[in-house]
Amino acid sequence: MKLFGVWVVLAFAFAQLVTAFLDFNETELSFLESLEYGASKINYNPLMVGLTLIHTAGAKGAVCLDGTLPGYHWHRGYGSGANSWLIQLEGGGWCNSIRTCVYRKKTRRGSSTYMEKQIPFTGILSEKAEENPDFFNWNRIKLRYCDGASFTGDSENKAAQLQFRGQRIWLAAMEDLMSKGMRYANQALLSGCSAGGLAAILHCDEFRNLFPRTTRVKCLADAGLFLDTVDVSGGRTLRSMYSGVVGLQGVQHNLPRICTNHLDPTSCFFPQNLISNIQTPLFILNAAYDSWQIQSSIAPPSADPHGYWHDCRLNHAKCSPSQIRFLQGFRTQMLNAIKGFAMSRRNGLFINSCFAHCQSERQDTWFADDSPEIRNKPIAIAVGDWYFDRAGVKSIDCPYPCDKTCHNLVFR
């Protein structure tokens, strides 16, 4: 009986571990949640912006996973920024199975019912010139993410009552904003972080095509350079997850033809196979040791059953020399993935050697007295210099541990 009891406990513990991994890995309802809306230490009183539901979306079938209306937060531009528009696509992982999507539809990542009615606008969304020198008085919009496939799916699962309508949400939101004045924009920037950074890459040329050629249109992908890389067990955790997302949500129909003509749809969900063919100027902002990719793609618990990577995954200072070598190899893969992209004069780069994720939305990493820099230039200034053609920006950091300006993430 004792032995049976031990087996029951072990089986339960294993089930809990698997569930925790899947829910973390596919929905990012863990450390990224606290990062995304955590008010920065230098902005105790951030601007709070209310949620607007897109009432025209329902008739177009442009709905969240649970069938509720999608929405965005909009702070109007004024003065010199009255006709300038910045669209920030929210991030928050993906769901790649019926089970994880059903779980997700009961959260703010799958239903507007659970979305905050107000969210803080910090970093690139801040309304203060001293916190956001180039975009503070623009129309700034945060488009909420409630589809689970980086705004690209278009299918449904009636049995599970799931709507996979990311592409329709994207189109309905753009149509709504165009009718509210975005059609008159003289300059526009499509940005996004994490799964939203991937979405900014996937939709970049579509965004450009909304406007006349005379409009300055560019795109910014923050922490969206997810690599098709081998994990610590030799498997491909992220490719496996992306395969589920693409297959389940009908993503393949909305991927760029220039990619799907010669690669499988899952490969065309990876930015490294897309960025060189994007016609619109694109800026890639990424940490060379992306915290989310370390935790969920390179060394997830499923690829590390004995926990050798447990401490390193949570805190880079606890990585062994061989683990650091493995992570340096990941950085090398990232630099190889952007080689062709970097050759174009119109594109921009800021790859810093930090253990971080999503650096444009947080005030402390976007623009502050001690924010991260490469060659004495913080991220906000680098992005602004590139956007306004004040300077070409191709900033790549020396490898860890040389950068002393990083705001490295450490998890408990």
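# Worked exercises on a predicted model

The largest nonpolar core holds 79 residues, and W94, F207 and F269 have the most contacts inside it. Keep in mind that this is a predicted model.

## Exercise 1: The cores

Find out which helix gives the most to the largest core, then list what F269 touches and look for a second core.

*Solution.*
- Step 1. Start with the 79-residue core. Helix α4 (residues 166-179) gives the most to this core, namely seven residues.
- Step 2. Now pick F269, one of the residues with the most contacts inside the core. Leaving aside neighbours within four places in sequence, F269 is in contact with W94, A149, S150, T152, L198, L202, Y242, V245, V246, V251 and L255. W94, another of the residues with the most contacts inside the core, is on that list.
- Step 3. There is also a second, separate core, with 23 residues. Among them are L47, F350, A382 and V383.

## Exercise 2: Strand β5 and its partners

Work out how covered β5 is, which way its side chains point, and in what sense β2 and β3 pair with it.

*Solution.*
- Step 1. Check burial along β5 (residues 139-143): five of its five residues are buried.
- Step 2. Sort them by direction. N139, I141 and L143 point one way, R140 and K142 point the other way, and all are buried. The charged names in the second set are no exception, since R140 and K142 are buried too.
- Step 3. Take β2 (residues 71-75). The pairing with β5 is antiparallel and runs over four bridges. To find a spot on it, go to H75, whose bridge partner in β5 is R140.
- Step 4. Take β3 (residues 84-89). The pairing with β5 is parallel and runs over five bridges. Here, I87 has I141 as its bridge partner in β5.

## Exercise 3: A glycine in a loop

Is G81 buried or exposed, and which residues does G81 contact?

*Solution.*
- Step 1. Locate G81 in the loop between β2 and β3.
- Step 2. Look at the relative accessible area of G81, which is 0%. Buried means under 20%, so G81 is buried.
- Step 3. List the contacts of G81, leaving aside neighbours within four places in sequence: N137, W138 and N139. N139 belongs to the β5 set you sorted above.
- Step 4. Compare sequence and space for G81 and F135. They sit 54 residues apart in sequence, with their C-alpha atoms 7.6 Å apart.

## Exercise 4: Salt bridges

How many salt bridges are there, and which parts of the chain does the R216 and D389 pair tie together?

*Solution.*
- Step 1. The count comes to 22 salt bridges.
- Step 2. For R216 and D389, the closest N and O atoms are 2.9 Å apart. R216 lies in strand β9 (residues 216-222) and D389 in the loop between α14 (379-387) and β14 (394-396), so the pair ties together parts that are 173 residues apart in sequence.
- Step 3. Check exposure at both ends. R216 is partly exposed at 28%, while D389 is exposed at 56%.
- Step 4. Try R239 and D264, where the closest N and O atoms are 3.6 Å apart. R239 is in helix α7 (residues 237-249) and D264 in the loop between α8 (257-260) and β10 (282-287), 25 residues apart. R239 is partly exposed at 22%, and D264 is partly exposed at 34%.
- Step 5. Look at K128 and E127, with closest N and O atoms 3.6 Å apart. K128 is partly exposed, with a relative accessible area of 22%, and E127 is partly exposed, with a value of 22%.
- Step 6. Finish with a network of salt bridges, which links E90, R108, R109, E116 and R144.

## Exercise 5: Two helices crossing

Why are α7 and α9 described as roughly perpendicular?

*Solution.*
- Step 1. The axes of α7 and α9 (residues 291-298) come within 8 Å and cross at roughly 85°.
- Step 2. Angles from 65 to 115 degrees count as roughly perpendicular, so that is how α7 and α9 are described.
- Step 3. Pin down who makes the contact: T237, L238 and M241 of α7, with W292, S296 and S297 of α9.

## Exercise 6: A histidine in a loop

Where is H316 found, and which residues is H316 in contact with?

*Solution.*
- Step 1. H316 is in the loop between α10 (310-314) and α11 (321-337).
- Step 2. The relative accessible area of H316 is 12%. The cut-off for buried is under 20%, so H316 is buried.
- Step 3. Neighbours within four places in sequence aside, H316 contacts I324, F355, Y400 and N408.

How values were computed
Residues numbered from 1 in each chain as written. Predicted model: local features only at pLDDT ≥ 70, side-chain atom pairs only at ≥ 80, totals over all residues. Heavy atoms only, no water. Helix = DSSP H or I, 4+ residues; strand = E, 2+ residues; numbered from the N terminus. Buried < 20%, exposed > 50% of the residue type's maximum accessible area, 1.4 Å probe, protein only. Contact = heavy atoms within 4.5 Å. Salt bridge = Lys/Arg side-chain N within 4 Å of Asp/Glu carboxyl O. Core = buried A, V, L, I, M, F, W, Y, C linked by side-chain atoms within 4.5 Å. Pairing = 2+ DSSP bridges. Axes fitted to C-alpha atoms, helices over the stretch in contact; angles between N-to-C directions. Parallel < 35°, antiparallel > 145°, perpendicular 65-115°, else oblique.
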